[in-house]
Amino acid sequence: MSAQAPAGQAVVPESGAAGSPESENIAKVLLMGRMAAGKTSMRSIIFANYLARDAYKITFTVDVNKQRVRFLGNLVLHFGIAVVKTASWSSTSNRKETTSSRTSASSFSSSDVTSKEFHVDLEHYMNCLNALSDLSQNAKIFVLIHKMDLIREDMRDDMFNEKMTRIMEATSNNFKDKTQCFRTSIWDETLYKAWSTIVSILLPNINQLKLSLQRFCSTIHANEVVLFEKSTFLMISHFDAANHEDDHRFEKISNIIKQFKLSCIKTNYQF
């Protein structure tokens, strides 16, 4: 899928990006998966001002789509979305996907949990790992098992664990320690939980942020301090001095505030 970001989204053009290269930290991210796996929908919901119910308006990505998104001031996420062909890869697609893999700092594989050909998805996943092994051995791997809302709620844990086990078995040894799996859906907070974790891993100064939050929390004698990114409302880091029962509170807050912000935008109210 491909889409233009609405007004107000911090998108940096492919050429002539704002800010000097010296002042920017560029994290290169490659998101791969079959057509209609939900790759561009999740990116548009998190990094552009799209509601989940508007996902049907986004057209499918049919080849390779690139975009830069400014995040936390001087961090630029350079997104590349590539469609993995369901049949044999054409030489043109191979060249483009290989070029993307060469400079990828992080690689995402998006898999539709309802796919009837999961073994084919695994084959494409292993091909991606082979390319990364040759061209970008230090890349981090994130596997998003998407559209979990289509699975009956009492079956989701078993389904996710089964898919994750098969994915980790298919992951080559040199990437096993760098691979994480997430269950996601555009209709609940799981999408925010996954991307909050992913972005915090990509941040170069995350340890310094955690230390600063700890000091701030201690100074003001708070029970908990949480840092959200102002555009996406992803939870970047937190420090808590007390136990909390709800382990999903951050993602719920992210989702609620983001929905409120988008409602304000649609009604022309200042957020």
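A residue is termed buried when its relative accessible area is under 20%. In the predicted model described here, Arg249 has a relative accessible area of 16% and is therefore buried. The side chain of Arg249 meets that of Asp240 in a salt bridge, with an N to O distance of 3.5 Å. Asp240, in contrast to its partner, is partly exposed, at a relative accessible area of 28%. Salt bridges with shared partners join these two residues and Glu224 into one network.

Five salt bridges are present in the structure. Side chains of opposite charge can pair when their charged atoms come close. One of the five is formed by Arg183 and Asp157, at 2.7 Å from N to O. This pair links distant parts of the chain, since Arg183 belongs to strand β7 and Asp157 to helix α4 (residues 156–170), 26 residues apart. Both partners are partly exposed: Arg183 has a relative accessible area of 27%, and Asp157 one of 45%. A further salt bridge joins Asp246 to Lys252, whose closest N and O atoms are 3.1 Å apart. Here too the partners are partly exposed, with relative accessibilities of 29% for Asp246 and 35% for Lys252.

Aromatic side chains were examined next. Two aromatic pairs were found in a search of the whole structure. In the pair of Phe47 and Trp195, the ring centres are 5.4 Å apart and the planes meet at 85°; because this angle is over 60 degrees, the arrangement is edge-to-face. Phe47 is part of helix α1 (residues 39–47) and Trp195 part of helix α6 (residues 190–202), so the pair ties together parts that are 148 residues apart in sequence. Phe47 and Trp195 are both buried. In the second pair, Phe142 and Phe182, the ring centres lie 6.3 Å apart and the planes are at 40°, so the pair is tilted. Phe142 lies in strand β6 (residues 140–146) and Phe182 in strand β7 (residues 179–183); the pair therefore ties together parts 40 residues apart in sequence. These two residues are likewise buried, with relative accessible areas of 1% for Phe142 and 10% for Phe182. A ring also takes part in a contact of another kind: Lys163 lies over the face of Phe118, 4.0 Å from the ring centre.

In soluble globular proteins, nonpolar side chains tend to be buried together. The largest nonpolar core of the model has 31 residues, of which Phe47, Phe71, Leu77, Trp195, Val199 and Leu234 touch the most other members. Two or more residues are given to this core by each of β2 (25–33), α1, β3 (64–71), β4 (75–83), β6 and α6. Helix α6 supplies the largest share, seven residues. Beyond its neighbours within four places in sequence, Phe71 contacts Phe47, Leu77, Val199, Glu229, Thr232, Leu234 and Ile236. Another core, of 17 residues, lies apart from the largest one and includes Tyr125, Leu132, Met148 and Cys181.

Helix α1 has nine of its nine residues buried and is therefore largely enclosed by the rest of the structure. Among these buried residues are the charged Lys39 and Arg43, as well as Met42, Ile45 and Ile46.

Finally, the cysteines were considered. The structure holds zero disulfides. Cys128 is buried, at 11% relative accessibility, and Cys181 is buried as well, with a relative accessible area of 14%.

Terms used:
Residues numbered from 1 in each chain as written. Predicted model: local features only at pLDDT ≥ 70, side-chain atom pairs only at ≥ 80, totals over all residues. Heavy atoms only, no water. Phe/Tyr/Trp six-rings, centres within 6.5 Å; stacked < 30°, edge-to-face > 60°. Helix = DSSP H or I, 4+ residues; strand = E, 2+ residues; numbered from the N terminus. Buried < 20%, exposed > 50% of the residue type's maximum accessible area, 1.4 Å probe, protein only. Lys NZ or Arg CZ within 6 Å of the ring centre and 35° of its normal. Disulfide = S-S within 2.5 Å. Core = buried A, V, L, I, M, F, W, Y, C linked by side-chain atoms within 4.5 Å. Contact = heavy atoms within 4.5 Å. Salt bridge = Lys/Arg side-chain N within 4 Å of Asp/Glu carboxyl O.
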